[in-house]
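Colleague: Could you take one part of this model and go through it slowly with me? I would like to see how a single piece fits with what surrounds it.

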Amino acid sequence: MEVDIKNLGAIKSAHFDLSKRLTVFCGPNNSGKTYAAYMAYALTKSGMKYFKSEESIFVQDLIKNQKANFELITDSIWNYRRDEIKSLNKSLGSIYGVSEDIANNLFKDFSISIAETKKEFDANILRMNFSNELKINDVTIEILKKVDSREINLKLKDTVISKSSIEILELFLTSKLFSLIAFYPFTSSYILPVERNSIYTFSKELSIQKQEFLERAQELGSKKNNRDPFHWYLKKSTRYPMPIRDGLEVAEDLNNYSKTKSEFYSFAEEIENELLNGKVIVTKDGDVQFSSNKAKRKKIPIHLTASIVKTLSSLIFYLKHIATKNELIIIDEPELNLHPNNQVYLARIFARLINQGFRLIISTHSDYIIRELNNLIMASSLKRTEPLKFNSFTYSKEYFLDFKTVGAYLFNFKNPTSRNVTISPIPISKSGFDVETIDDTIDELNDISEELFYALQNQKTLESTKE
């Protein structure tokens with residue numbers, strides 16, 4: 001899926017190919033990387049949207065026969081995507097956590113579009129080939145789309161479905177399937193913003209439910225208010241940007257989420273042991289604690305843990321309890337609070353996630369992460385079947401990254417005094433990719449170190465001569 005964005009803050013124009021397995025955003029601070037990451041999340045996030053149409057009749061067949069076929073009508077899905085993008089253009093205040101007035105001023109003339117004609121979209125529908133599971137409420141549905149087919153085959157995994165689940169399927173399943181095709185290859189997305197290290201720590205104080213209650217109470221008490229009370233059921237708080245708001249909603253319901261184990265649970269445990277040397281625990285009251293492998297009986301509240309635990313606990317919880325195949329994971333500054341050796345290990349985790357079916361967008365300033373991604377690309381480019389061992393680490397297939405599946409973009413200002421940001425695709429080859437702004441800084445530091453070293457040597461020589 002290729003996306004065109006115009007007038008998003010300092011970003012005047014950008015073109016992204018989000019269909020890559022790994023997309024890397026690089027560049028100096030304040031250059032719009034977080035803005036772009038938030039927009040990618042809003043575009044690919046699959047919510048529960050009420051959608052009524054003639055195509056919804058198939059849901060009754062699914063419930064009755066445990067299986068059904070959903071016909072893909074290009075015009076209907078094309079119009080659905082058009083309306084969703086229009087809605088996105090009108091939701092900037094909610095996405096970035098600002099008022100409508102500020103959004104209208106900050107994002108004046110903003111637009112986003114998918115670079116695809118209707119004819120191309122129709123051809124792409126025929127080329128789609130995937131199998132997956134779709135979870136709605138407590139119902140799991142197996143879905144299959146074959147090449148050259150204009151149908152999605154659906155099969156219920158559950159033999160008994162509650163009345164409330166049937167009602168939810170009738171209301172929301174059609175929009176889920178429309179979204180799946182309209183924004184292919186994304187089934188849904190999950191974001192880990194920079195603020196992730198404090199969401200679990202301060203979730204009670206930052207309660208989204210509490211904030212929405214206060215905002216609604218204030219507006220209902222206003223003399224200017226003349227809205228139907230049902231409006232407040234549908235309205236979302238805009239105090240926080242969408243990624244933070246969604247993170248808080250998960251944090252407020254950790255106990256319920258933790259009752260489900262995803263198929264990536266054991267993978268999350270590996271990360272816990274390797275990076276955290278312990279386990280992230282959710283209590284019956286929904287509080288997050290940490291148990292170190294060195295003292296398993298002690299349970300430490302999340303706010304007293306090391307910064308690495310705070311930073312990675314949300315990723316670990318997601319992989320344990322929420323993650324499903326083919327999702328897009330967006331991580332802003334994955335290197336946050338990590339020592340260089342752990343940044344390298346995290347890059348390897350990214351490769352394993354990609355090879356297990358996920359897509360990733362990361363925004364990073366880390367030379368260590370980029371270097372290791374390049375190592376994984378080069379190891380893959382060697383096309384050897386046997387594992388490659390260097391020092392203490394073995395590069396096996398699960399860590400390989402095909403350079404053709406990686407995209408990278410440099411966010412940079414046109415000149416030192418400019419407010420406008422240019423976004424350029426970074427060339428990627430079998431040896432990886434270079435980030436100019438990071439390499440320039442490293443080269444400059446190396447030059448300075450070299451000059452200082454030789455100056456120090458000359459000083460020693462002069463001092464010894466005087467003696």
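How many of the five residues of strand β11 (residues 288-292) are buried?

Modeller: Four of the five are buried, so β11 is largely enclosed by the rest of the structure. Buried means under 20% relative accessible area, exposed over 50%, and partly exposed in between (1.4 Å probe, protein chains only). The model is predicted, so local features need pLDDT of at least 70 and side-chain atom pairs 80 or more, while totals for chains, interfaces and linings use all residues. Residues are numbered from 1 along each chain, and side-chain values use heavy atoms, without hydrogens or water.

Strands (E, at least two residues) and helices (H or I, at least four) are DSSP runs, numbered from the N terminus. Strands pair if DSSP finds at least two bridges between them.

Now look at the partners of β11. Strand β10 (residues 278-282) runs antiparallel to β11, and five bridges join the two. You can find one meeting point where G278 stands opposite S292 in β11. Five residues lie between the strands of this hairpin, and G286 takes a positive phi near 85° there.

β11 also pairs with strand β12 (residues 295-301), again antiparallel, through three bridges. In this pairing, Q289 has P301 of β12 as its bridge partner. The hairpin that β11 and β12 form has two residues between its strands.

Let's follow β10 outwards next. The side chain of K279 meets that of E269 in a salt bridge, with 3.5 Å from N to O. K279 belongs to strand β10 and E269 to helix α13 (residues 265-276), so this pair ties together parts that are ten residues apart in sequence. A salt bridge is a side-chain nitrogen of Lys or Arg within 4 Å of a carboxyl oxygen of Asp or Glu. With 33% relative accessibility, K279 counts as partly exposed, and E269 counts as partly exposed at 26%.

Helix α13 leads us one step further. There, the side chain of E272 meets that of K320 in another salt bridge, at 2.9 Å from N to O. Because K320 sits in helix α14 (residues 307-321) and E272 in α13, the pair ties together parts 48 residues apart in sequence. Both K320 and E272 are buried. Elsewhere, salt bridges that share partners join E270, R352 and E398 into one network. Across the whole structure, a search finds twelve salt bridges.
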